[in-house]
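Me: Could you take me closely through a single part of this protein? I would like to know what it pairs with and what lies around it.

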Amino acid sequence: MNIRRAESRDLAQIVQIESLCFPEEAAFPPRMFAYLIEYAVCLVACQPEKKVLGFIMGYASGKAGAVYTLDVHPQYRRMGIGSSLISSLEEKLQRLGAETVRLEAAVERPEAIELYHKAGYRDRELVRNYYGTGKHALRMCKAILPAAKTDLRTCPEF
Ligand SMILES: CC(C)(COP(=O)(O)OP(=O)(O)OC[C@H]1O[C@@H](n2cnc3c(N)ncnc32)[C@H](O)[C@@H]1OP(=O)(O)O)[C@@H](O)C(=O)NCCC(=O)NCCS
């Protein structure tokens, strides 16, 4: 398995994986993915080079980094792909100057929350109705400076 930058040629596979991970009303629209591939930090896990197994998208703005979405194809789960994608994204965001990474995970997806806890994310707050009425999110944050001197209180929005 290899992790590389997402390219526009990956769009169709990314949209397909998103449709396997989320119901239509919750899925990112294809145009949003096209925009993110162009302007955000987007990585795909592949095997071989062209077959996309999963992807992650995020951004860095000053010292603040964030994860927009993380998806792994259902046939390739529990192989460490999600964990590898998050740590690769953190490395990229760190190189872009980020000192913290923030993300939201749906409360109804304990497997994602477990993955993020394992990756070192801490719970910050419950955001009610984040994904629509009754669909709450857990906002999580992690300091990504090796020296671990970052004060989590500087994490934006906390
Ligand atoms: C959440 C998701 C990205 C995990 O991807 P993955 O490649 O299977 O994750 P990993 O193999 O790296 O798992 C890392 C750890 O996360 C936890 N985990 C992952 N899937 C789990 C599950 N179904 N049940 C319980 N814990 C789970 C485990 O602690 C796991 O470590 P282990 O396998 O050594 O026990 C994947 O299930 C997915 O794409 N889900 C649908 C989309 C989604 O919910 N994305 C998150 C958006 S917030």
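Reply:
**Strand β5 and its surroundings**

β5 and β7 pair in the antiparallel sense, over seven bridges. Pairing takes at least two DSSP bridges. Helices (H or I, at least four residues) and strands (E, at least two) are DSSP runs numbered from the N terminus. Within this pair, A105 of β5 faces L138 in β7.

The model is predicted: local features need pLDDT of at least 70, side-chain atom pairs need 80 or more, and totals for chains, interfaces and linings use all residues. Numbering starts from 1 along each chain as its sequence is written.

How much of β5 is buried? Six of its seven residues are, so the strand is largely enclosed by the rest of the structure. Buried means 20 or more other C-beta atoms within 10 Å (exposed, 12 or fewer; partly exposed, in between; C-beta atoms placed from the backbone).

β5 has another partner, β4. These two strands run parallel and share three bridges. A66 stands opposite R102 of β5. A64 has T100 of β5 as its bridge partner.

β4 itself is mostly covered, with seven of nine residues buried. Strand β3, residues 52–61, joins β4 through eight bridges, and that pair is antiparallel. There, M57 sits opposite T69 of β4. The β3–β4 hairpin has two residues between its strands, and G62 takes a positive phi near 60°.

V72 also belongs to β4. Why does V72 count as buried? Because it has 24 C-beta neighbours inside 10 Å. Beyond four places in sequence, its contacts (C-beta atoms within 7 Å) are L53, G54, R77, I81 and G82. V72 lies 11 Å from A112, C-alpha to C-alpha, although 40 residues separate them in sequence.

Now the core. The largest nonpolar core holds 37 residues, and C42, L43, F55, I56, L85, L89 and L103 have the most contacts inside it. Such a core joins buried Ala, Val, Leu, Ile, Met, Phe, Trp, Tyr and Cys through C-beta atoms within 7 Å. The elements giving it two or more residues are α1 (11–21), α2 (30–39), β2 (41–46), β3, β4, α3, β5 and β7 (137–143). β3 gives the most, six residues. L85 shows how the contacts spread. Outside its neighbours within four places in sequence, L85 touches, in this contact sense, I3, L43, A45, G54, I56 and L70.

Last, the ligand. A shell of 19 residues surrounds it, and R77, G82, S83, E111 and L115 are the closest. Membership requires a backbone-placed C-beta atom within 6 Å. β5 (100–106) is one of the elements that give two or more residues to the shell. The others are β4 (64–72), α3 (81–95) and α4 (110–118). α4 gives the most, with five residues.

To pull this together: β5 pairs with β7 through seven bridges, and with β4 through three. β5 also gives two or more residues to the largest nonpolar core, and two or more to the ligand shell.

Notes
Contact = placed C-beta atoms within 7 Å.
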